[in-house]
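Got your viewer open? Let's take a short walk along this protein chain, one selection at a time.

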Amino acid sequence: MPIRLDSNTEDFASRFTAFLATKREGAADVEEVARTIIAEVAARGDEALVAYTRKFDRIDVGASGLRVAPAEIDDAFASCDRTARDALALARNRIEAYHRRQVPTDERFTGVFGVELGWR
């Protein structure tokens with residue numbers, strides 16, 4: 001459940017401190033449930049996705065379909081606040097740049113005995 005914090009309220013400092021102290025690491029039972037859901041969706045595809053969306057979100061996407069039309073995407077994009085879109089684009093670019101640096105690179109070199117060495 002989301003927690004709303006407002007820095008302008010009197011109890012912000014205590015609520016923020018309590019938030020920072022909350023346990024956020026994954027529990028084994030939650031991980032097990034998540035793995036089960038992922039396996040179900042991998043095995044049963046859209047049928048499982050529709051069932052879990054109905055169960056957890058209480059939305060019947062089976063009735064409306066899972067496909068989003070390009071016009072709907074364009075309309076949603078156009079209706080989004082420009083500042084929010086810019087912030088999301090900045091976040092996307094920073095995240096992408098960070099993770100691109102984590103991609104391993106191939107290495108090839110010639111060792112001191114003239115043997116070509118390397119890894120992939």
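Start with the whole protein chain in cartoon view: from the N terminus on, its elements run α-α-α-α-α-α-β-β. That makes six helices and two strands. Keep in mind that this is a predicted model.

Now zoom out. The radius of gyration of the protein chain is 23 Å, well over the 14 Å that the globule rule gives for 120 residues, so the chain is more spread out than a compact globule. Its C-alpha atoms fill a box of roughly 65 × 45 × 40 Å along the principal axes. Switch on the surface: about 11,100 Å² is exposed, with 57% of that coming from carbon and sulfur atoms. Just 5% of the 120 residues count as buried.

Next, go for the salt bridges; there are eight of them.

Select R54 and D60. They form a salt bridge, with 3.3 Å between the closest N and O atoms. D60 is partly exposed at 40% relative accessibility, and R54 is partly exposed too, at 43%.

Move to helix α6 (residues 82-100) and pick E96 and R100, which sit four residues apart, about one turn of the helix. Their side chains meet in a salt bridge, 2.7 Å from N to O. Is R100 buried or exposed? At 58% relative accessibility, R100 counts as exposed, while E96 is partly exposed at 34%.

Now select R120 and D106, whose side chains form a salt bridge of 3.1 Å, N to O. This pair links distant parts of the chain: R120 lies in the segment after β2 (116-119), and D106 in the loop between α6 and β1 (107-110).

Last stop: select E40, R44 and E47, joined into one network by salt bridges that share partners.

Methods:
Residues numbered from 1 in each chain as written. Predicted model: local features only at pLDDT ≥ 70, side-chain atom pairs only at ≥ 80, totals over all residues. Heavy atoms only, no water. Rg over C-alpha atoms; globule rule 2.2 N^0.38 Å. Buried < 20%, exposed > 50% of the residue type's maximum accessible area, 1.4 Å probe, protein only. Areas by Shrake-Rupley, 256 points an atom, 1.4 Å probe, with all protein chains shown as cover. Salt bridge = Lys/Arg side-chain N within 4 Å of Asp/Glu carboxyl O.
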